[in-house]
Amino acid sequence: MRIRLLAVICGLAALFAAAAPTRAQTLRIALREDPDILDPTLAGSYVGRIVFAGLCDKLFDIDEKLRIVPQLALGYEWADPRTLVIHLRPNVKFQDNEPLDAASVKYSLLRYLTFPGSYRRGEINMIDDIQVVDPLTVRLVLKSPSAPLLATLTDRSGMILAPKAAETEGKDFGLHPVCAGPFSFKERVAQDRIVLERFPGYWDAANIHFDRVIYQPMPDPAVQLANLHTGNIDIAERVLPSDVAEVKRDPKLRIVTSPALGYNGIVFNLANGPRANTPIGQNALLRQAFEAAIDRQALVDVVFNGMYKPTAQAVSAASPLYVKGIEPAPRDIGKAKALVKQSGAATPIAVTLLVPNTPDQTQLAEVIQSMVSEAGFEVKISPVDVATFLSAGHQGNFQSALLAWSGRPDPDGNLYVFLHSGIGQNYGHYASPIVDAALDAARTATDPAARLAQYAKMMQQERRDLPIIYLYNPVNIVGLSAKLSGFRAVPDGLIRLQGLAMQTTAAK
């Protein structure tokens with residue numbers, strides 16, 4: 001009887017184990033905020049890119065040293081400076097079990113170029129024609145040579161969508177996205193969770209070791225930290241610099257840091273609708289005064305424990321295309337007051353600052369508010385969630401906004417879409433013929449020295465106009481369970497699920 005009872009208990013335990021994933025089979029990732037739409041065509045949030053890393057493979061990826069490596073593509077060659085031939089990986093399936101081929105690549109790229117409201121159009125608008133050579137070969141014919149194109153295809157512009165699903169869903173594709181990544185979309189509960197389930201037909205299935213991934217928005221760093229300590233989450237995609245020491249003290253956890261590619265700054269509405277009609281939106285002298293009143297080093301010291309690096313440009317200092325000589329100037333309150341006086345504007349000068357509603361960004365805004373008040377600016381802080389923030393930027397429903405950009409391996413990805421006139425993420429509708437011409441020329445130049453010269457020319461004009469005040473370059477700081485192995489610290493900060501596994505004992 002006892003043996004039979006034990007057999008029944010063991011059988012029930014096996015049944016329950018089969019019915020629900022064990023802790024080791026489910027990976028839980030905390031995000032700093034809830035992503036916007038899960039359609040690569042229309043998406044604009046950084047945390048959305050983290051979810052896409054589990055959902056949508058790209059033609060190419062980057063590695064820890066920023067080298068471009070194949071993903072859905074097997075390889076490529078330039079037939080001439082305006083013709084890129086891409087060879088696709090065979091036997092790849094979308095999560096609806098339809099085959100991925102050259103026709104689907106053409107469909108996705110055309111969708112990015114033509115879909116209403118596409119954020120990808122400005123990234124790949126150098127493409128003139130997309131040709132299906134054979135089922136596994138696609139030829140891209142460009143309007144002119146393009147230095148950043150391959151790097152651009154390592155991000156959302158290189159994600160290939162399932163054509164049948166995209167056609168059926170149309171503008172609602174983001175509610176039920178279907179791609180060719182390791183996990184398929186299961187469900188989304190706004191502000192609570194996004195659930196992906198392992199796709200058994202994934203081309204690299206041997207490197208996927210979880211049955212399910214749950215992404216949970218946790219905008220409060222204290223809540224995120226508590227969940228990391230208790231093991232309710234396995235990865236916190238962002239740990240604040242002020243919390244690093246506490247995480248390091250917990251033997252069940254570890255911290256991984258890596259240089260980041262992006263920047264944080266303040267973008268001003270210059271010509272995007274009625275809310276551009278403000279003194280600071282219409283007068284570059286006031287924007288210059290606003291910048292002169294900010295102490296960047298004090299900002300990063302107070303808010304980020306000195307771990308971030310002040311900057312005055314969108315290109316990382318680690319890049320060979322960083323423009324030397326454009327460095328963050330120290331705070332000069334006397335200069336700021338003189339510029340305000342020169343502008344003729346009456347003080348106090350009212351400025352509404354749109355801010356993502358996370359504690360660190362709110363604190364950042366409060367420090368800026370205090371600093372610029374000495375120069376005659378009266379800043380009103382308006383905190384909003386990320387979806388509202390992105391919508392406001394697109395619609396021009398802002399005067400100024402704290403802009404956080406996660407960065408791209410090629411500088412074009414940090415500059416073109418924000419500063420070139422007529423491009424979707426140029427939220428303030430900044431327009432300068434000098435900047436446009438230099439950005440266009442930098443795209444077509446294949447010689448690094450020629451590109452650098454164009455960026456220098458562009459930045460000199462941008463520094464006079466100040467559509468964006470660049471503040472600092474962040475650092476990627478990830479907190480994770482010490483039992484988790486296979487984590488790769490890539491400078492773009494994305495969490496790649498390939499190779500991640502939960503060990504039964506803590507990693508040494």
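This passage walks through one sheet, one hairpin and some salt bridges in a predicted model. Local features need pLDDT of at least 70 and side-chain atom pairs pLDDT 80 or more, while totals for chains, interfaces and linings use all residues. Residues are numbered from 1 along each chain as its sequence is written, and side-chain values use heavy atoms, leaving out hydrogens and water.

Take the open sheet to begin with: six strands in mixed pairing, ordered β14-β18-β13-β17-β15-β16. (Strands are DSSP runs of E, at least two residues, and helices runs of H or I, at least four, numbered from the N terminus; two strands pair if DSSP finds at least two bridges between them.) β14 (309–310) and β16 (377–384) each have a single partner strand, so they sit at the edges with one side lacking a neighbour in the sheet. β15 (residues 349–356) runs parallel to β16, joined by eight bridges; P356, for instance, is the bridge partner of V384 in β16.

Elsewhere, β6 (residues 127–134) and β7 (residues 137–142) run antiparallel, with six bridges. Just two residues separate them in a hairpin, and D134 stands opposite T137.

As for salt bridges (a Lys or Arg side-chain nitrogen within 4 Å of an Asp or Glu carboxyl oxygen), the whole structure holds 24. In one of them, R111 meets D39, with the closest N and O atoms 3.0 Å apart. That pair ties helix α3 to the loop between β1 and α2, 72 residues apart. Both R111 and D39 are buried, buried being under 20% relative accessible area, exposed over 50% and partly exposed in between (1.4 Å probe, protein chains only). K171, by contrast, is exposed at 62%; the K171 side chain pairs with D172 at 3.6 Å, N to O.
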